[in-house]
Every structure is written in C-alpha cells, then in structure tokens.
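Could you walk me through this model in my viewer, one selection at a time? I would like to know what to pick next and what I will find there.

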Amino acid sequence: MQIPYELILGWRYTRAGRATRRNGFISFISGVSMLGIALGVAALIIVLSVMNGFQKEVTDRMLSVVSHIEIFAPDGAALPDVARTMAEAKANPQVIGAAPFIATQALLARGDDMKGVVIRGIDPALESQVIDLDGILKSGALAKLVPGSFGIVLGADLAHSLGVLVGDPVTLLAPSGEITPAGVVPRFKQMTVVGTFDSGHYEYDSTLAMVHIADAARIFRLEGPTGVQLKLKDLHQAPEVAHQLAGTLSGDLLIRDWTQQNKTWFSAVQVEKRMMFIILTLIVAVAAFNLVSTLVMTVTDKRADIAILRTLGASPSSIMGVFVVQGAMVGVIGTLGGLLLGLLVAYNIDVIVPFIEHLLHTSFLPRDIYLISRMPSDPQRGDIMPIGIISLVLSFLATLYPSWRASRVNPAEALRYE
C-alpha cells in the first residue's frame with residue numbers, strides 16, 4: 001500500500017531536522033507548542049478529576065444520612081396508607097429498599113443551652129435498608145432505640161454544642177403546645193442520649209437528631225409515618241425514578257430526590273466545574289494556536305520546496321495537506337502526551353500529594369479546617385473524551401490558515417532568488 005507523499009512530507013517537517021540554525025529554531029518552537037498542548041490537556045484532566053473526587057466524597061457523606069428518594073405527605077401530615085405506598089414504590093425495578101420515617105422540627109434543650117433541630121423518627125429494623133447508619137455511628141447503637149424508652153441519637157456537632165455524652169438526658173420541646181386554663185403550654189419530653197453519629201457533613205451533624213418512629217409519633221401526636229425513604233440501585237438515576245414514581249404512586253404525595261435536597265450546592269459545583277473547564281480550555285487554545293506561528297515560519301522556510309513541488313505537478317490542495325499533516329501531528333502527539341500525563345497523575349494523586357506534602361513539610365488540606373483531609377480524584381470518561389476531542393479540533397483549526405497560505409505560494413516568485 002502506497003503512503004501518500006503528503007503524510008511523508010508532513011511527518012518529515014514535523015521532525016524538522018537541525019541542519020541549519022533556522023530549522024533548529026523551528027523544531028524548538030514546534031516542541032514548545034506540543035508541550036503546551038500536553039500540559040494544558042493534563043491540567044484539564046487533573047483539575048476536573050479532583051473536582052469530581054471532591055463532589056463524590058461530599059455526596060457519599062451526604063448520603064450516609066440522606067436517602068436517595070423521599071416520599072411524603074403534604075404539610076407534614078401522616079401518610080394515609082404507608083404499606084400501600086411502600087409496596088407501590090418497591091414495584092419499581094430500581095428501588096431496592098424502603099423504610100418509613102417521621103420528619104419534623106423541634107427544640108432540644110440541655111440546661112441553659114437550646115438548639116433548633118430536625119427530628120427524624122426511624123424504624124431501626126428497616127432503616128438499614130436505605131441508609132448505612134452503623135457506618136457513621138461514633139458511639140452507641142441503633143438497637144438502643146427501643147419504643148417507649150425515648151432514646152435519641154444526636155449528630156456529633158449537635159452533641160458537642162449541647163455538651164452531652166451518651167447516657168445524658170436532654171429535653172425535647174415539641175412545636176405545638178397544649179391548651180390549658182393558663183394558656184398554651186409547650187409540650188416537652190425528657191430524652192436520653194443513646195448514641196452519636198458523625199457523617200462528616202456539618203449541616204446534618206449539627207442539626208439532625210434521630211428517635212424511634214413510635215416515640216416520635218407519640219411526642220408529636222401523629223397517626224403514623226409522614227414519609228417513606230427509598231434506596232436505589234443507581235443513585236444517579238434518582239431524578240428519573242422520582243419522575244416515574246410520580247406517575248405510579250396513589251394519592252396526593254410529594255416526591256423529592258437527593259439532588260433536590262441540596263440543589264443549591266450541586267448547582268454551584270456544576271457552575272464551578274463548567275467555568276474551570278472553560279478557563280483551562282483557553283490554555284489549550286493558546287498552546288494550539290502557537291502552531292500558527294510554527295507553521296508560518298515553516299512555510300516561509302520551505303518556500304523553495306513548495307515551489308519545486310508545484311513545478312513537479314503538486315496541486316495546491318496537496319501542498320495544503322502537507323502542512324495540515326504537520327500541524328495535526330503536533331496536535332495529536334501533544335494531546336496523547338497530555339492524556340497520558342493527566343491520567344497518570346489523576347490515578348496516582350493519593351500518592352503524589354502526600355509525597356509533596358512530606359517534601360515541603362506542609363499540609364494542603366488540614367484536618368481541623370477542611371471537611372476532607374485528603375486529595376480525592378475521580379477521572380471520568382465523560383470529561384476525558386471531550387478534552388481530547390477539543391484539543392484535536394483546536395489543533396486542526398490552527399493549521400488551516402498557514403496551510404492555505406502555503407498553497408497560495410507562487411512558484412516563480414519563490415524560485416526567483418534561489
């Protein structure tokens with residue numbers, strides 16, 4: 001099979017021999033362009049992988065106390081038929097676990113300290129089907145949540161702010177009071193702290209308290225659970241499954257998936273990720289368009305070669321193809337090099353970052369300041385493929401104008417002074 005001469009010449013010009021000082025300088029500029037593309041692509045992959053890693057870490061910690069989907073009645077009322085709602089939800093093939101719950105707000109008091117909290121009444125026997133609470137418990141156990149014992153499990157930061165330990169009593173004040181001849185008297189109940197949990201997410205660790213669902217129903221005078229929590233096979237399918245359940249569940253029910261519960265945070269992360277992608281793509285674009293200067297210098301240096309090829313019968317499109325191949329080679333090599341470097345760092349960042357911290361005697365993510373103390377990384381194909389494609393497209397576009405100028409060289413003018 002005969003290789004087109006455009007490819008052979010384009011590859012030869014890419015290697016740019018060092019027979020003269022001018023050729024050597026062109027080779028140096030070409031190498032700088034190649035290196036710039038590689039570093040830009042690598043930076044894009046590393047930054048987006050780290051951002052994905054942080055998002056995954058926060059999501060995992062968030063889902064240690066939040067279910068994938070919640071089904072609840074309007075206005076915090078009890079569900080009309082919990083068993084039917086759970087059965088209809090489990091009929092969806094994506095649902096692998098369901099548990100009833102009661103969610104309401106209250107005040108928690110210890111001496112002179114008082115905190116507003118979110119009370120979640122749970123069934124310890126079913127809760128493990130939707131949330132792995134045993135994995136985040138610091139002390140105590142869910143088994144101590146026995147109906148009638150009025151035990152309570154607090155978030156670690158909430159327990160710390162109230163100054164309580166396991167076994168200490170706290171007072172729970174319900175939002176609705178009792179009407180007496182003396183006026184409205186708030187209802188309160190003495191609770192015993194039977195455990196604490198640490199999800200690593202401050203919003204939940206500082207405001208969430210769990211009690212047995214039967215105790216919650218008695219304290220807040222509810223006829224039954226106010227909602228049902230669901231666990232899915234694939235948490236990323238939660239919005240789609242929630243939409244499906246909206247059309248299959250009976251009754252006037254509200255459905256909320258885990259992305260809606262923290263919509264502001266996820267929107268901010270997506271905007272930040274999108275902006276970082278645009279900013280770092282500009283670095284790749286600058287490196288790619290350095291090819292313009294490289295190819296312009298090559299065309300100027302090879303005017304005699306172009307003229308000879310034209311006199312031998314080469315068409316303007318063939319001349320243009322030679323220099324397109326040269327620029328494309330630089331773009332392909334730079335992009336592949338950047339992909340390899342970026343993936344190498346992204347997959348080994350858990351080793352590279354500790355080594356740099358040890359070398360510099362510093363810590364990039366101090367444990368006492370940041371939620372996550374290690375640098376996570378999660379390279380995703382959905383990010384890597386667009387990066388490679390964009391880099392190759394920009395490199396190809398950068399070759400068009402210099403290549404077109406090369407195809408317009410007049411052989412007679414080029415050979416006049418040769």
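A cavity here is a set of grid points where a 1.4 Å probe fits but cannot get out, and its lining residues have an atom within 4 Å of a point. Keep in mind on this tour that the model is predicted.

**Stop 1: the cavity**

Start by selecting Val-41, Leu-44, Thr-281, Val-284, Ile-387, Ile-390 and Ser-391, which line the largest cavity. The space inside comes to about 30 Å³, and the structure holds one cavity of 30 Å³ or more. Now colour helix 2 (21-62), helix 10 (263-301) and helix 14, each of which supplies at least two residues of this lining. Which of the helices gives the most? Helix 14 does, with three residues.

**Stop 2: a salt bridge between two helices**

Stay with helix 14 (residues 381-407) and show the side chains of Lys-273 and Asp-383. They form a salt bridge, with the closest N and O atoms 3.3 Å apart. This pair links distant parts of the chain, since Lys-273 sits in helix 10 and Asp-383 in helix 14, 110 residues apart. Are the two partners buried or exposed? Lys-273 is buried, because its relative accessible area is 14% and buried means under 20%. Asp-383, at 14% relative accessibility, counts as buried too.

**Stop 3: the nonpolar patch**

Next, switch on the surface and select Phe-289, Met-385, Ile-389, Val-393, Phe-396 and Leu-397. Together these residues make a nonpolar surface patch of about 560 Å². Helix 14 gives the most to this patch, with five residues. Pick out Val-393, which lies in helix 14. With a relative accessible area of 42%, Val-393 is partly exposed.

**Stop 4: the largest pocket**

Move on to the largest pocket, which holds about 520 Å³ of space. Its lining is made of 21 residues, and those nearest its centre are Glu-70, Ala-103, Val-118, Arg-256 and Gln-261. To see the framework, colour strand 1 (69-72), strand 2 (95-110), strand 3 (113-122) and helix 6 (202-205), the elements that give two or more residues to the lining. Which element gives the most? Strand 2 does, with four residues.

**Stop 5: a salt bridge at the pocket**

Two of the residues you have just met, Glu-70 and Arg-256, are among those nearest the pocket centre, and they are worth a second look. Side chains of opposite charge can pair when their charged atoms come close. The side chains of Arg-256 and Glu-70 meet in a salt bridge at 2.8 Å, N to O. Arg-256 lies in strand 10 (residues 254-257) and Glu-70 in strand 1, so the pair ties together parts that are 186 residues apart in sequence. Glu-70 is buried, with a relative accessible area of 5%, whereas Arg-256 counts as partly exposed at 31% relative accessibility. In total, the structure holds two salt bridges, so you can tick that item off your list.

**Stop 6: a loop residue**

Finish with Asp-234, found in the loop between strand 9 (227-232) and helix 8 (238-248). Zoom in on its side chain, which reaches the backbone nitrogen of His-236 at 3.1 Å. Asp-234 is partly exposed, with a relative accessible area of 29%. Then draw a C-alpha to C-alpha distance from Asp-234 to Val-95: the two are 139 residues apart in sequence and 9.0 Å apart in space.

Notes:
Residues are numbered from 1 along each chain as its sequence is written. This is a predicted model: local features need pLDDT of at least 70, side-chain atom pairs count only at pLDDT 80 or more; totals for chains, interfaces and linings use all residues. Side-chain values use heavy atoms; hydrogens and water are left out. Buried means under 20% relative accessible area, exposed over 50%, partly exposed in between (1.4 Å probe, protein chains only). A polar contact is a pair of N or O atoms within 3.5 Å; within protein, one must be able to donate a hydrogen and the other to accept it, and residues adjacent in sequence count only if both atoms are side-chain atoms. Patches are made of residues with over 30% relative accessible area and no salt bridge: like charges are joined within 9 Å, nonpolar side chains (Val, Leu, Ile, Met, Phe, Trp, Tyr) within 5 Å. Accessible areas come from the Shrake-Rupley method with a 1.4 Å probe; for residues, only the protein chains shown count as cover. A salt bridge is a side-chain nitrogen of Lys or Arg within 4 Å of a carboxyl oxygen of Asp or Glu. On a 1 Å grid over the protein atoms alone, a cavity is a set of points where a 1.4 Å probe fits but cannot get out, and a pocket is an open set with protein on both sides within 12 Å along at least five of seven lines; lining residues have an atom within 4 Å of a point. Grid points are joined across faces, edges and corners, and a volume is the space filled by probe spheres set on the points.
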